[in-house]
Amino acid sequence: MLLQTEVQIIPCFSNLPEKEAELLTIAREAAKCAYAPYSHFKVGAALLLKNGHIVSGNNQENAVYPSGMCAERVALFYAAAQFPDTPIDKIAITAIGNDKEICQPVPPCGNCRQALLEYEIKFKKPIEVIMAGQKGEVYIVKSVSELLPLNFSGSFL
Ligand code: THU
């Protein structure tokens, strides 16, 4: 068995299609407002919903480390709470580094992949994932399931 992930590599921001560029710009704005006093790694995420709404979020850290939350899940859970019946079209993810500029695409962590997958399955609709740093290449993957092959899902329960 060979598991493959197709990644579209966009050379830089200016080569992005309009909607992806808009979403990434909003994710970049969100990253500026992250609360990351411990890691100093400020992440921003923006979701485009099927109804056209855009919901953004950023990481929220805590002195008790596991009590914090990633940017993707802050945005995702807010969207799911506000628009429980609306499928998610795309998510853009980016980050601002502490003492060095981030020049490579920022991927979602494993927990966020699993959380995003839940909604992909719920709505039977792939969620496009746009990953970017502060500059450089942007990666686009057509579906969260491509980022989480051999995944566990509710179908096992
Ligand atoms: N972080 C995110 O917000 N999203 C990810 O996918 C990776 C990590 C946050 C969590 C923590 O606040 C900081 O980045 C360093 O791990």
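Strand β4 is joined to strand β5, residues 128-132, by four bridges. These two strands run parallel. One pairing can be picked out by name: I93 has M131 in β5 as its bridge partner. The model that shows this is a predicted one.

β4 has another partner as well. Eight bridges join it to strand β2, which covers residues 42-49. Here the two strands run antiparallel. K42 marks one place in this pairing, standing opposite I96 in β4.

How enclosed is β4 itself? The strand spans residues 88-96, and eight of its nine residues are buried. Buried means under 20% relative accessible area. β4 is therefore largely enclosed by the rest of the structure.

D89 gives a close view of this strand. It is found in β4. Is D89 buried or exposed? Its relative accessible area is 18%, so D89 counts as buried. Its side chain makes a polar contact with the side chain of K50, at 3.3 Å. Setting aside neighbours within four places in sequence, D89 is in contact with L48, L49 and K50. The same list for D89 also holds K125, P126, I127 and E128.

Now turn to the ligand. Which residues surround it? The shell includes S39, F41, V43, N59 and E61. C70, A71 and E72 also belong to it, as do P107, P108 and C109. By type, the shell divides into seven nonpolar residues, two polar and two charged.

Several short distances link the ligand to this shell. An N or O atom in the side chain of E61 is 2.5 Å from an oxygen atom of the ligand. For E72, a polar side-chain atom lies 2.7 Å from a ligand oxygen. C109 takes part through its backbone: a polar atom there is 2.9 Å from an oxygen atom of the ligand. How much of the ligand does the protein bury? Taken alone, the ligand exposes 370 Å², and the protein buries 74% of that.

Next come two residues with an unusual backbone angle. Most residues other than glycine have a negative phi. H40 has a positive value, near 60 degrees. H40 sits in the loop between α1 and β2. Its relative accessible area is 38%, so H40 is partly exposed.

L150 also has a positive phi, near 55 degrees. This residue lies in the segment after α4, the helix of residues 144-147. Exposed means over 50% relative accessible area. L150 has 68%, so it counts as exposed.

The last stop is P11. It is found in the loop between β1, residues 8-10, and α1, residues 18-32. Its relative accessibility is 54%, and P11 therefore counts as exposed. What does P11 touch beyond its neighbours within four places in sequence? It is in contact with G136 and E137. P11 and E137 are 126 residues apart along the chain, yet their C-alpha atoms are separated by 4.6 Å.

To retrace the path: β4 pairs with β5 in parallel and with β2 in antiparallel fashion. D89 is a buried residue of the β4 stop. The ligand is surrounded by residues that include E61, E72 and C109. H40 and L150 each show a positive phi. P11 stands exposed, in contact with G136 and E137.

Terms used. Residues are numbered from 1 along each chain as its sequence is written. This is a predicted model: local features need pLDDT of at least 70, side-chain atom pairs count only at pLDDT 80 or more; totals for chains, interfaces and linings use all residues. Side-chain values use heavy atoms; hydrogens and water are left out. Buried means under 20% relative accessible area, exposed over 50%, partly exposed in between (1.4 Å probe, protein chains only). Contact means heavy atoms within 4.5 Å. A residue is near a molecule or strand if one of its heavy atoms lies within 4 Å of it. A polar contact is a pair of N or O atoms within 3.5 Å; within protein, one must be able to donate a hydrogen and the other to accept it, and residues adjacent in sequence count only if both atoms are side-chain atoms. Accessible areas come from the Shrake-Rupley method with a 1.4 Å probe; for residues, only the protein chains shown count as cover. Ala, Val, Leu, Ile, Met, Phe, Trp, Tyr, Cys and Pro count as nonpolar, Asp, Glu, Lys and Arg as charged, and the others, Gly among them, as polar. Two strands pair if DSSP finds at least two bridges between them.
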